Amino acid sequence: MVKATGPAIADALSEQSDEMLMSRYREQAQTEDFNELVRRYERELYRYLARYTGDRALADDVFQNTFLQLHLKRGLYEDGRPLRPWLYAIATHQAVDALRKAGRHPTVSLDQRIDGADRDPGALIDLLTGDEPGPLVEMQSEERREWVRQSIAKLPEGLRQTLILAYYQDLKYREIAEILKIPVGTVKSRLHAAVAKLAEMARAAGPTENGSVP
């Protein structure tokens, strides 16, 4: 991975906003500013890419390519533009391109833990199960996780991207809209459609003849 700054330098830069660092890096190309941005987003963005690609090695490559693109495109950055959505947009484009070149599709490794900090997709599972009895209620935790992973991987790409950014990266609607270059209303409709589709899959995933859930 790209190396971040040391603790002393990072402390000195900690009061600078992402946008201030990016504007200064655009003008002065100081390594300290670039490394501070890498440090701030290293874990968060890597987790996103690992989930999206389902491949840690590929996620590492995409992460480095993302910051390479950030360096190459720094002249395009506009003062005051929120950096996080722009960075995620670059990362998502790089991930899609890397998967296309590898002849693969996103696998959504929601069961993959990264450095012990990965969050459980409990909110999404709770939303799908609700108070009504159904096949997901009968599953054990790991079975649910695997079911969610497999089901999200079956969603159309637009729904899958939106769901991951909303539920696993905890980004705001307007941030997701900027990343995917779609209106906020479309973000909401995609989330609604994705959850509805997963709920439909859950209802359809009834017990088999031997009592297990497919």
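The exercises below, each with a worked solution, concern a predicted model of one protein chain.

**Exercise 1. Overall make-up**

State how many helices and strands the protein chain has, and what share of its residues is buried.

Solution. Step 1: the secondary structure consists of 11 helices and 0 strands. Step 2: read along the sequence, this gives the pattern α-α-α-α-α-α-α-α-α-α-α. Step 3: the chain has 214 residues, and 45% of them count as buried. Step 4: among contacts with a separation of 6 or more, 68% join residues 24 or more positions apart.

**Exercise 2. The span of helix α5**

Compare the expected span of helix α5 with the distance between its end C-alpha atoms.

Solution. Step 1: α5 covers residues 83-101, which is 19 residues. Step 2: the expected span is 1.5 Å times one less than the number of residues, and for α5 this comes to 27 Å. Step 3: the end C-alpha atoms are 27 Å apart, so the two values agree. Step 4: just after α5, Gly-103 has a positive phi of about 70°.

**Exercise 3. The largest nonpolar core**

Identify the residues that touch the most other members of the largest nonpolar core, and the elements that give two or more residues to this core.

Solution. Step 1: the core holds 54 residues, and those touching the most other members are Leu-45, Leu-49, Phe-67 and Leu-70. Step 2: the elements giving two or more residues are α2 (18-28), α3 (31-53), α4 (56-72), α5, α8 (141-153), α9 (157-168), α10 (173-180) and α11 (184-204). Step 3: take Leu-49 and set aside its neighbours within four places in sequence; its contacts are then Gly-54, Ala-59, Val-62, Phe-63, Ala-91 and Ala-95.

**Exercise 4. Two helices packed on α5**

Classify the packing of α4 on α5 and of α3 on α5 by angle.

Solution. Step 1: two packed helices are described by the angle between their axes and the distance between the axes. Step 2: for α4 and α5, the axes come within 9 Å and cross at roughly 130°. Step 3: angles under 35 degrees count as roughly parallel, over 145 as roughly antiparallel, 65 to 115 as roughly perpendicular and the rest as oblique; α4 and α5 are therefore oblique to each other. Step 4: α4 passes α5 in a right-handed crossing. Step 5: the residues that meet include Leu-58, Val-62, Phe-67 and Leu-70 in α4, and Trp-86, Leu-87, Ala-91 and Ala-95 in α5.

Step 6: for α3 and α5, the axes are 11 Å apart and the angle is about 40°. Step 7: α3 and α5 are therefore also oblique to each other. Step 8: their crossing is right-handed. Step 9: the α3 side of the contact includes Leu-37, Tyr-41, Leu-45, Leu-49 and Tyr-52, while the α5 side includes Leu-83, Leu-87, Tyr-88, Ala-91 and Ala-95.

**Exercise 5. Helices α9, α10 and α11**

Classify the packing of α9 and α11, then list the buried residues of α10 and the helices they pack against.

Solution. Step 1: the axes of α9 and α11 come within 9 Å and cross at roughly 100°. Step 2: α9 and α11 are therefore roughly perpendicular to each other. Step 3: the contact involves Gly-158, Leu-159, Thr-162, Leu-163, Ala-166 and Tyr-167 of α9, with residues of α11 that include Val-187, Arg-190, Leu-191 and Leu-198. Step 4: in α10, Glu-175, Ile-176, Ala-177, Ile-179 and Leu-180 are buried. Step 5: the buried residues of α10 pack against α5, α9 and α11.

**Exercise 6. Positive phi outside glycine**

For Ala-29 and Lys-181, give phi, location and exposure.

Solution. Step 1: Ala-29 lies in the loop between α2 and α3, and its phi is near 50°, a positive value in a residue other than glycine. Step 2: partly exposed residues fall between 20% and 50% relative accessible area; Ala-29, at 37%, is therefore partly exposed. Step 3: Lys-181 is in the loop between α10 and α11, just after α10. Step 4: its phi is positive, about 60°, although Lys-181 is not a glycine. Step 5: the relative accessibility of Lys-181 is 66%, so this residue counts as exposed.

Notes. Residues numbered from 1 in each chain as written. Predicted model: local features only at pLDDT ≥ 70, side-chain atom pairs only at ≥ 80, totals over all residues. Heavy atoms only, no water. Helix = DSSP H or I, 4+ residues; strand = E, 2+ residues; numbered from the N terminus. Core = buried A, V, L, I, M, F, W, Y, C linked by side-chain atoms within 4.5 Å. Buried < 20%, exposed > 50% of the residue type's maximum accessible area, 1.4 Å probe, protein only. Contact = heavy atoms within 4.5 Å. Axes fitted to C-alpha atoms, helices over the stretch in contact; angles between N-to-C directions. Left-handed = near helix turned anticlockwise from the far one by under 90°.
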